[in-house]
Amino acid sequence: MLKNYLWVFLISMVPLIELRGAIPVSQALGMPILPSYIISVIGNMLPVPFIYLFARKVLEWGADKPLIGKFFTFCLVKGEKGGKKLQEKAGRGLFVALLLFVGIPLPGTGAWTGTLAASILDMDFKSSTLAVMLGVLLAGIIMGVASLGVFGAIGAMF
């Protein structure tokens, strides 16, 4: 069982998969939902401070390197696009916009992209980390409910 928790923890740290993939995997492995949720949230949040503090600098450094330049440029462009879109839609409600951007489990939205966007937008560390954490908690609840089949049951009723 410890091995399964370790897998869920590691999956939740992977960019683009994150907690959105870790919770369904935990349910496929037959793990209890609450410990899976907690492990996934911790795993998803662990890289956030490092992403905020270092990702932008590393991506800018590697953007012109021969082997990694295309991927690093892709990541920078994605972060800038996400940040600009977020800022256009949010205006002064950037905190709530970031929370919802991270919290609604769609492809390409998550803690990694949200934190990179916050870094590119020069949001302060404390508020961006709090918004990302609340978004991760929201995404975890949505994915947990979806993994338990609640949405399917509601759909079957209508």
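This is a short group-meeting talk on how some helices pack in this structure and where its pockets are.

Okay, thanks everyone. Before anything else, keep in mind that this is a predicted model.

Let's start with helix α2, residues 18–28. I'll go through its neighbours one by one.

Take α1 to begin with, residues 2–13. The axes of α1 and α2 sit 6 Å apart, and the packing angle is about 155°. Angles over 145 degrees count as roughly antiparallel, so that's what α1 and α2 are to each other. The crossing here is right-handed. Who is touching whom? On the α1 side you have Val 8, Ile 11 and Ser 12. On the α2 side the contact uses Glu 18, Leu 19, Gly 21, Ala 22, Val 25 and Ser 26. Sort that contact by class and you get five nonpolar residues, three polar ones and one charged.

Now the next helix along, α3, which covers residues 33–45. Its axis comes within 9 Å of the α2 axis, and the two cross at roughly 155°. That angle makes α2 roughly antiparallel to α3. Once more the crossing is right-handed. From α2, the residues in this contact are Glu 18, Leu 19, Ala 22, Ile 23, Ser 26 and Gln 27. From α3, look for Ile 33, Ser 36, Tyr 37, Ser 40, Val 41 and Asn 44. In terms of chemistry, that's six nonpolar, five polar and one charged.

The third partner is α8, and for that you need to jump along the chain to residues 125–147. What angle do α2 and α8 make? It's about 35°, with the axes 9 Å apart. This crossing is right-handed too. α2 brings Leu 19, Arg 20, Ile 23, Pro 24 and Gln 27. α8 answers with Val 136, Ala 139, Gly 140, Met 143, Gly 144 and Ser 147. The split for this contact is six nonpolar, four polar and one charged.

If you want one residue to click on, try Leu 19: it's in the α2 contact with α1, in the one with α3, and in the one with α8.

Right, on to the pockets.

The largest pocket has a volume of about 420 Å³. There are 15 residues lining it, and the closest to the centre are Pro 15, Phe 71, Cys 75, Trp 112 and Leu 116. Which elements give two or more residues to that lining? They're α4 (48–62), α5 (69–90) and α7 (111–120). The largest share comes from α5, with six residues. As for character, the lining has 12 nonpolar residues, two polar and one charged.

The second largest pocket comes in at about 240 Å³. It's lined by 14 residues, and nearest its centre you'll find Lys 78, Lys 81, Gly 82, Lys 85 and Phe 101. Here the elements giving two or more residues are α5 and α6, the latter being 94–103. Again α5 gives the most, this time eight residues. By class, this lining divides into six nonpolar, four polar and four charged.

So if you only remember two helices, make them these. α2 packs with α1, with α3 and with α8. And α5 gives the largest share of the lining in the largest pocket and the most in the second largest.

That's me done. Happy to take questions.

Notes. Residues numbered from 1 in each chain as written. Predicted model: local features only at pLDDT ≥ 70, side-chain atom pairs only at ≥ 80, totals over all residues. Heavy atoms only, no water. Axes fitted to C-alpha atoms, helices over the stretch in contact; angles between N-to-C directions. Helix = DSSP H or I, 4+ residues; strand = E, 2+ residues; numbered from the N terminus. Parallel < 35°, antiparallel > 145°, perpendicular 65-115°, else oblique. Left-handed = near helix turned anticlockwise from the far one by under 90°. Contact = heavy atoms within 4.5 Å. Nonpolar A, V, L, I, M, F, W, Y, C, P; charged D, E, K, R; others polar. 1 Å grid on protein atoms, 1.4 Å probe; cavity = no way out; pocket = protein on both sides within 12 Å on 5 of 7 lines; lining within 4 Å. Points joined across faces, edges and corners; volume = space filled by probe spheres on them.
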